[in-house]
Amino acid sequence: MDSQRERQVIKTVLHGDRDAFGLLVDAYKDRIFNLAYRMTGNYDDASDLAQETFIRAFARLHRFDQERPFFTWLYTIGLNIVRNHLRQDKRQRRHEDGTASDHDRYDPAGDPEHDVMSRQTSQMIEQCLEGISAEMREAVVLRFFHEVSFDDMADIMGISSSAAKMRVYRGLQRLGECMKEREGL
Amino acid sequence: MDRYRDIIERMEGIPPVRLPEHFTETVMRRVHAAGEKSITVTVREYCAHHGVLGALRTVIARNIEGTDCPLSFFVTGAFYMIMGIVLMVGLGEVGGDETVVQMVRFQTQMTLVSSVLLIALGVLMASDGPASIRVGKFGLLAYVCLVIVNSLVLQAAFRISIADTFTVIFAGTGMMMGAYLAVKIDHYQRHTMHRGA
């Protein structure tokens, strides 16, 4: 959805058409859900947190500054909700006890052999992500899983662009150390 | 970053996780339920689109959210500016002990320096936004140091009991303003992190 269309939809919602909010949910649900999943590593928590993000965005849509991009605002809400969740749940469970298996959770693309390798890599990266601080994790996730620019990251995280770059770099450093260690085993 | 190209490529190669089914429907059910429960949502929607009420709501919201942080710096700076000018004009012809006169005149300079510092911080935060919060905090620290140093100098210069009261009031007021501005910066920082969240 382009930004002009987005603004129209937001205006429609603000004028009382709540159903129009579904268009925004459809446009961003994958990204917000995946952000929550990469941050928590828990499928069920990610689903709850993503829902909470949209509910809060709806409740506070009247505060949204329409001169700014909607996605950075939504990501900010999402990250705040995730941060609160991580603070409350110090254990930061990575091994979920939900109903679907990991295999079911990834989009079924490519050949099965590639899938196995991809799952192994994914698992290792997820485990290494768990080991780095939440601040670095969110920087790495935004940059490489969501391809967010450093300027937008700065906007989302409430820091300067250079601080965002530094967090990404340090996150990569930690990930590199962790992966080297695991691959060496 | 090139050092970590391999890790980056591996991360970018990880496929997205599939959403639970009926995600949008679940969210929309909750959206409707939340909307039905809360009368404030209806009031907000009305206020957001009705001229004066909308403007009033924006002002109140900004005050609550802390987006008026640069304004608070301007206002405090303006207060010091007026006080500095009054002191400059009022104490122009003051006479008496040379040390005391110098100390009294020093107050004018301190007040004007504080004023310029606070207004400059306000301008910086208004123009640079969240990026200048760190500078704002250092500036505020400098202001608090100025207040403390000034009260210590006053304390040392005046040896009469009434001067102690004056020093305490002067320092206390300055510190209270500093605390108020610190709260404003904190709210501003939270607001930019939670913008609208």
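Here a trainee and a mentor talk through a predicted model.

Trainee: What makes residues 94-101 of chain A a stretch to treat with care?

Mentor: pLDDT is the predictor's confidence on a scale from 0 to 100, and over residues 94-101 of chain A it stays under 50. Where pLDDT is low, the predicted coordinates should not be read in detail. The model has 11 contacts beyond four places in sequence for that stretch, so I would not read those contacts in detail. For chain A as a whole, the mean pLDDT is 83, and 83% of the residues reach 70 or more.

Trainee: How do you know what span to expect for helix H1 of chain A?

Mentor: The expected span is 1.5 Å times one less than the number of residues. H1, residues 3-14 of chain A, has 12 residues, for which 16 Å is expected. From first C-alpha to last, H1 reaches 16 Å, close to that expectation. Just after H1(A), Gly16(A) takes a positive phi of about 110°.

Trainee: Why is the set with Ala36(A) and Leu74(A) called a nonpolar core?

Mentor: Because a nonpolar core is a set of buried residues such as Ala, Val, Leu and Met, joined through C-beta atoms within 7 Å. The largest one has 55 residues, and Ala36(A), Leu74(A), Val140(A) and Met153(A) have the most contacts inside it. Helix H2 of chain A, residues 21-40, gives the most to this core, with 10 residues.

Trainee: Which residues is Val140(A) in contact with, leaving aside neighbours within four places in sequence?

Mentor: Val140(A) is in contact with Leu129(A), Val168(A), Gly171(A), Leu172(A) and Leu175(A).

Key. Residues are numbered from 1 along each chain as its sequence is written. Chains are lettered from A and ligands numbered from 1 in the order in which they are written. This is a predicted model: local features need pLDDT of at least 70, side-chain atom pairs count only at pLDDT 80 or more; totals for chains, interfaces and linings use all residues. Two residues are in contact if their C-beta atoms, placed from the backbone, lie within 7 Å. Helices (H or I, at least four residues) and strands (E, at least two) are DSSP runs, numbered from the N terminus. A residue is buried if 20 or more other C-beta atoms lie within 10 Å of its own, exposed if 12 or fewer, and partly exposed in between; C-beta atoms are placed from the backbone.
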